[in-house]
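Hi,

Here is the structure I promised to send over. Have a look at it first, and then read on for what I found.

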2 protein chains.
Amino acid sequence: MQKRRTPRKRLTHDERKALILDRAAEYLSENGFPVRTRRLAAAAGISQRLIYHFFPNKSALIDEIYDSAIAGPFKAIWFVELADRSKPVAERLRAFYRDYYATLLTRRWTRLLIYSSFSAQNMAPRYISGIIHRLLETIVEEVAAERGVKLPAEKPVVHEIGWILHGAVSHLAIRRHLFRANISVPVELVIDAQIDSFLAGFEPMLSRLAQRSAGESRRSNGAQRRRA
Amino acid sequence: MQKRRTPRKRLTHDERKALILDRAAEYLSENGFPVRTRRLAAAAGISQRLIYHFFPNKSALIDEIYDSAIAGPFKAIWFVELADRSKPVAERLRAFYRDYYATLLTRRWTRLLIYSSFSAQNMAPRYISGIIHRLLETIVEEVAAERGVKLPAEKPVVHEIGWILHGAVSHLAIRRHLFRANISVPVELVIDAQIDSFLAGFEPMLSRLAQRSAGESRRSNGAQRRRA
DNA sequence: GAGCTTACTCGTCATCTGACGAATAAGGAT
DNA sequence: ATCCTTATTCGTCAGATGACGAGTAAGCTC
């Protein structure tokens with residue numbers, strides 16, 4: 001016997017790399033903490049050495065996981081559908097957030113994004129400024145357009161309005177996937193309620209935030225200054 | 001020369017232990033990932049060996065950090081103040097969430113709680129079922145009492161109502177401390193707007209969720225079953 | 001079926017990590 | 001001053017970790 005190596009299917013470069021990335025993303029999102037190449041390899045069903053055939057080092061692998069697993073699954077159609085004024089905005093929001101929650105706010109995605117926030121390659125700022133801000137603007141503008149109300153000129157104020165709903169939905173995913181909460185109320189119902197609440201509170205919230213549009217910009221508490 | 005040891009102030013057992021816990025909590029919340037006892041000791045200004053004089057192993061240290069830094073800072077008075085019906089509930093909510101955000105939703109606390117969610121000793125479930133659920137019930141009941149409306153009998157439904165506001169505020173802290181977002185709108189104003197939105201949407205949301213009180217309990221999507 | 005590319009594994013190395021035995025000295029008690 | 005408790009450090013060890021040189025064979029091409 002001896003010299004018995006583990007038989008392994010031989011895949012093409014791209015197939016194997018994609019497979020490693022997928023298994024590694026799964027492993028990373030579930031286990032987290034010390035990412036050990038040996039365990040990662042075991043989870044991917046390959047030898048540890050093979051990782052270094054595809055990635056120069058561990059950090060490069062993790063970078064690729066983030067790039068493919070975080071920005072990837074966002075659907076561009078969402079922007080189109082949200083801006084389709086042939087339907088009432090309430091209906092568009094319901095359709096969007098159900099899909100967003102089911103498609104994007106998965107266990108893997110949610111955990112990876114937050115996990116990355118503890119590392120040097122924090123993906124959240126990029127994701128937020130690159131995609132979410134535009135999403136929030138779209139949503140808030142669509143509601144305002146249907147109501148015939150005028151929005152504050154400052155983008156940060158518009159974003160905060162959108163965050164009220166988007167933050168509530170996102171936090172629902174965090175509770176479920178990170179805090180491991182059992183959400184016993186059907187999720188669609190919760191999301192609908194969050195949207196109802198957002199829409200009903202739209203004008204009151206707007207007038208509260210409008211008081212600032214005329215006011216000054218500095219009043220922040222504690223450590224936050226700078227930028228807009 | 002030689003045998004020159006680093007001069008170090010000699011503290012009492014409890015003083016030193018408290019100091020280590022504090023520095024370690026700071027280190028853990030800022031750095032995260034691989035918690036290395038040597039770096040931790042360096043951050044605390046002590047030798048690595050001394051950690052093992054106070055804690056049997058690394059995991060015991062981390063457990064103590066979580067216990068002291070997460071459950072500790074919650075103020076019991078908050079329950080009393082929130083239930084003080086001599087003031088309008090809107091005012092109570094504003095006072096509470098400003099204090100909650102400033103006192104509890106700090107950088108250290110927020111990051112530690114979420115960090116712990118990736119480890120075996122996930123603190124969030126305990127914190128939520130031990131404290132937050134009671135908090136949510138108080139808040140929702142106070143609003144309902146002032147409005148003279150009746151709440152659904154099921155606790156999970158009441159919790160979801162409370163989470164709409166609590167989740168939005170919590171997510172604000174996550175954005176700030178984890179995603180490193182610059183919140184350029186003054187935080188008090190954002191919180192006020194979130195409260196306005198919540199209060200304005202209270203009844204619509206309630207009637208949306210009430211439709212379930214009579215309905216069935218199973219309709220969940222995907223992986224969630226079990227418990228209530 | 002011979003040859004060749006390259007996907008894949010074995011074995012190994014320097015370094016780091018958690019843990020701890022043993023020595024040292026600060027500072028209170030007498 | 002002397003003693004004694006114990007807070008504190010030094011030095012070290014076994015095991016784990018990231019990285020990679022060198023080899024092996026799967027499966028295409030001709």
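Below are my notes, going from the protein–protein contact to the DNA. Bear in mind that this is a predicted model.

**How the two chains sit together**

Let's start with how chain A and chain B are related. Chain A can be laid on chain B by a turn of 180° with a shift of 0.0 Å along the axis, and the RMSD is then 0.1 Å. That is the relation of a two-fold axis.

The contact draws 55 residues from chain A and 55 residues from chain B. On the chain A side, five helices each supply at least two residues: α7 (107-116), α8 (124-147), α9 (155-177), α10 (187-200) and α11 (202-214). Which of them gives the most? That is α10(A), with 11 residues. By class, this side of chain A has 30 nonpolar, 15 polar and 10 charged residues. Also, 100% of the interface residues of chain A are interface residues in chain B too, so the copies meet through the same surface.

**A closer look at α10(A)**

Is this helix mostly covered or mostly open? α10(A) is mostly covered, with 11 of its 14 residues buried. Among the buried ones are Val190(A), Ile191(A), Ile195(A), Phe198(A) and Leu199(A), but Asp192(A), Gln194(A), Asp196(A) and Ser197(A) are buried as well. The length of the helix checks out too: at 1.5 Å a residue, the 14 residues of α10(A) should span 20 Å, and its end C-alpha atoms are 20 Å apart, which agrees.

**The DNA side**

Now for DNA strand C. It is surrounded by 26 residues, and the closest are Arg16(A), Ser47(A), Arg49(A), Thr37(B) and Asn57(B). The elements giving two or more residues to this surface are α1 (13-30) and α3 (48-54) from chain A, plus α2 (37-44) and α3 (48-54) from chain B. Sorted by class, the surface near strand C has 13 charged, 8 polar and 5 nonpolar residues.

And which residues are closest to DNA strand D? Those are Thr37(A), Asn57(A), Arg16(B), Ser47(B) and Arg49(B), out of 25 residues that surround the strand. Here α2 (37-44) and α3 of chain A, along with α1 (13-30) and α3 of chain B, each give two or more residues. The classes near strand D come to 12 charged, 8 polar and 5 nonpolar residues.

If you have the viewer open, α10(A) is a good place to begin, as the helix that gives the most to the side of chain A touching chain B.

Cheers

Conventions. Residues are numbered from 1 along each chain as its sequence is written. Chains are lettered from A and ligands numbered from 1 in the order in which they are written. This is a predicted model: local features need pLDDT of at least 70, side-chain atom pairs count only at pLDDT 80 or more; totals for chains, interfaces and linings use all residues. A residue is near a molecule or strand if its C-beta atom, placed from the backbone, lies within 6 Å of it. Helices (H or I, at least four residues) and strands (E, at least two) are DSSP runs, numbered from the N terminus. Ala, Val, Leu, Ile, Met, Phe, Trp, Tyr, Cys and Pro count as nonpolar, Asp, Glu, Lys and Arg as charged, and the others, Gly among them, as polar. Two residues are in contact if their C-beta atoms, placed from the backbone, lie within 7 Å. The expected span of a helix is 1.5 Å times one less than its number of residues. A residue is buried if 20 or more other C-beta atoms lie within 10 Å of its own, exposed if 12 or fewer, and partly exposed in between; C-beta atoms are placed from the backbone. Copies are superposed by least squares on the C-alpha atoms of residues with pLDDT of at least 70 in both.
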